[in-house]
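Me: I want to learn how to read a protein structure. Can you take me through one, feature by feature?

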Amino acid sequence: MNKFLIKGGKPLKGTVTVSGAKNAVLPIIAASLMTADPVILEEAPDLIDVSVMTEVIESLGARVTRHGSQLHIQARVLESIEAPHDLVTQMRASIVIMGALLARQGRVRISHPGGCAIGSRPINWHLKGLEALGAEVRMDHGFLDVKAQALKGARIYLDFPSVGATENIMMAAALAEGTTVIENAAQEPEIVDLANFINEMGGKVRGAGTSVIHLEGVQELHGTTHTVIPDRIEAGSFLLIAAAAGGDVLVQNVISDHLKPLLAKMVEAGIRVVEEGDGIHISGDGLYQGVDVKTQVHPGFSTDLQAPFLGMLSRAQGASMVTETIFENRFMHVDELKRMGADIKIEGRTAIIKGVPSLTAAPVTATDLRAGAALILAALTADGTSEISGIHHIDRGYERIEEKLRGLGAEIRRV
Ligand code: UD1
């Protein structure tokens, strides 16, 4: 098992470039199944989750090759409608192939993804949406068997603006007969990127990025070349790491509009944030004021940045409160931060943080992807050398993270 050894206490300096967005490219890879033509994805990050998703579509008959940061995909003929159990259990996000396969083949079999480290994560709204479009859902020996003779457009109100449910419904509706309206849709930038991709393939999607998305079904979609948006969570993580470690860092390839709530909270904490072209410049001494944060759906404060933000607050002056409203169990990093000397108490869905002057190095474990980012941040600010295990979680979503951090002068080694 790989580990990171990180020697903390050194300010960071330099420029780091953000990769393409993991959460945008995953549904877009799935959506590539909806055309028999070749698709080229530019700025596709080289991550474990992306490899798992490409393996899923290859197992269905698609051909995928990587050329640097480009993925070339062609699903000329699909040979299977069943996503392999071991791949789906490795990555929950593979559930977004449901909408695409249903649209292209009229049927999909996929093992029920179950829960994960951050909560039980049901998929009831995905299924409800697909049923509204005419699909029939059956549970069969742990597999979901979803079939549709013909998908028909419908008006669908989501009880909650679920990202994955919105994506699955968009894909199924893109090739359905007639008009679909998704109300209370997720508004995340990754939804807009998927809508753009579907439109580039000849689909008709309007309103993505707002709470009401209209889709006019088309007979078929064609190939395209699409550039994936920059990863706002990777960008936010680097901004927080740079701020917490102190120093002077330019994070480039950022769409600052995607990060508004984070940037506002960073400024409130007293961090110097300056927008420069397609980058954001962070400078400071690593010592800031405590602030309160509540995670919300976009355009609120992202749950994916909660863990690194909380890591940054561990050393802020005064008390802070962080409330998690999206996932039920997303404070696994707190116990690990406490091992490094942080003073944090959990009450229900809220973490109460009393800033401490310094953290101390310790052996800690990343329990999920973003918890991993919080621990890297903490280790870079702590006295001494920390050992982070469970780093396969980090590799799922941060491309070449140690190389990027070393470029900023961090002392980080993979052993
Ligand atoms: C996506 C992101 C993840 C991010 C999350 C929220 C990807 C690959 N992952 O996950 O990084 O943290 O959005 O911004 O894009 N829920 C239900 N029933 C459903 C669907 C969801 O109860 O049918 C619940 C979930 O358990 C969770 C909440 O709704 O508590 C939000 O989930 P959702 O927006 O669907 O997140 P994901 O698409 O899984």
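Reply: Start with the ligand. This is a predicted model. The shell around the ligand holds 18 residues. The closest are N124, W125, S162, D304 and I326.

Me: How do I read a polar contact, and what is the distance from the ligand to V163?

Reply: Look for a pair of N or O atoms within 3.5 Å. In this model, a polar backbone atom of V163 lies 2.8 Å from an oxygen atom of the ligand. W125 also takes part: one of its backbone N or O atoms is 2.7 Å from a ligand oxygen. For I326, the distance from a polar backbone atom to an oxygen atom of the ligand is 2.6 Å. Now look at the cover. On its own, the ligand has 740 Å² of accessible area, and the protein covers 85% of that.

Me: Which helices each supply at least two residues of the shell?

Reply: Two helices do: α5, residues 124-132, and α6, residues 163-174. The biggest share comes from α5, with three residues.

Me: How many residues of each class does the shell around the ligand have?

Reply: Sort them by class. Eight are nonpolar, six are polar and four are charged.

Me: Now a helix pair. How do α8 and α9 cross?

Reply: Compare the axes. Helix α8 spans residues 232-245, and helix α9 spans residues 260-268. Their axes come within 11 Å and cross at roughly 10 degrees. Angles under 35 degrees count as roughly parallel. So α8 is roughly parallel to α9.

Me: Which residues of α8 and α9 meet?

Reply: From α8 come G236, L239, L240 and A243. They meet L262, L263 and M266 of α9. By class, this contact has six nonpolar residues, one polar residue and no charged ones.

Me: Next, the backbone. Is the peptide bond from H298 to P299 cis or trans?

Reply: Check omega. Here omega is near 10 degrees, and the bond from H298 to P299 is cis. P299 sits in the loop between β18, residues 293-294, and α10, residues 306-313.

Me: And phi? What is the sign of phi at N253?

Reply: Positive. N253 has a phi of about 70 degrees, although it is not a glycine. Find N253 in the loop between β15, residues 247-252, and α9.

Key:
Residues are numbered from 1 along each chain as its sequence is written. This is a predicted model: local features need pLDDT of at least 70, side-chain atom pairs count only at pLDDT 80 or more; totals for chains, interfaces and linings use all residues. Side-chain values use heavy atoms; hydrogens and water are left out. A residue is near a molecule or strand if one of its heavy atoms lies within 4 Å of it. A polar contact is a pair of N or O atoms within 3.5 Å; within protein, one must be able to donate a hydrogen and the other to accept it, and residues adjacent in sequence count only if both atoms are side-chain atoms. Accessible areas come from the Shrake-Rupley method with a 1.4 Å probe; for residues, only the protein chains shown count as cover. Helices (H or I, at least four residues) and strands (E, at least two) are DSSP runs, numbered from the N terminus. Ala, Val, Leu, Ile, Met, Phe, Trp, Tyr, Cys and Pro count as nonpolar, Asp, Glu, Lys and Arg as charged, and the others, Gly among them, as polar. Axes are lines fitted to C-alpha atoms, for helices over the stretch in contact, and angles run from 0 to 180 degrees between N-to-C directions. Angles under 35 degrees count as roughly parallel, over 145 as roughly antiparallel, 65 to 115 as roughly perpendicular and the rest as oblique. Contact means heavy atoms within 4.5 Å.
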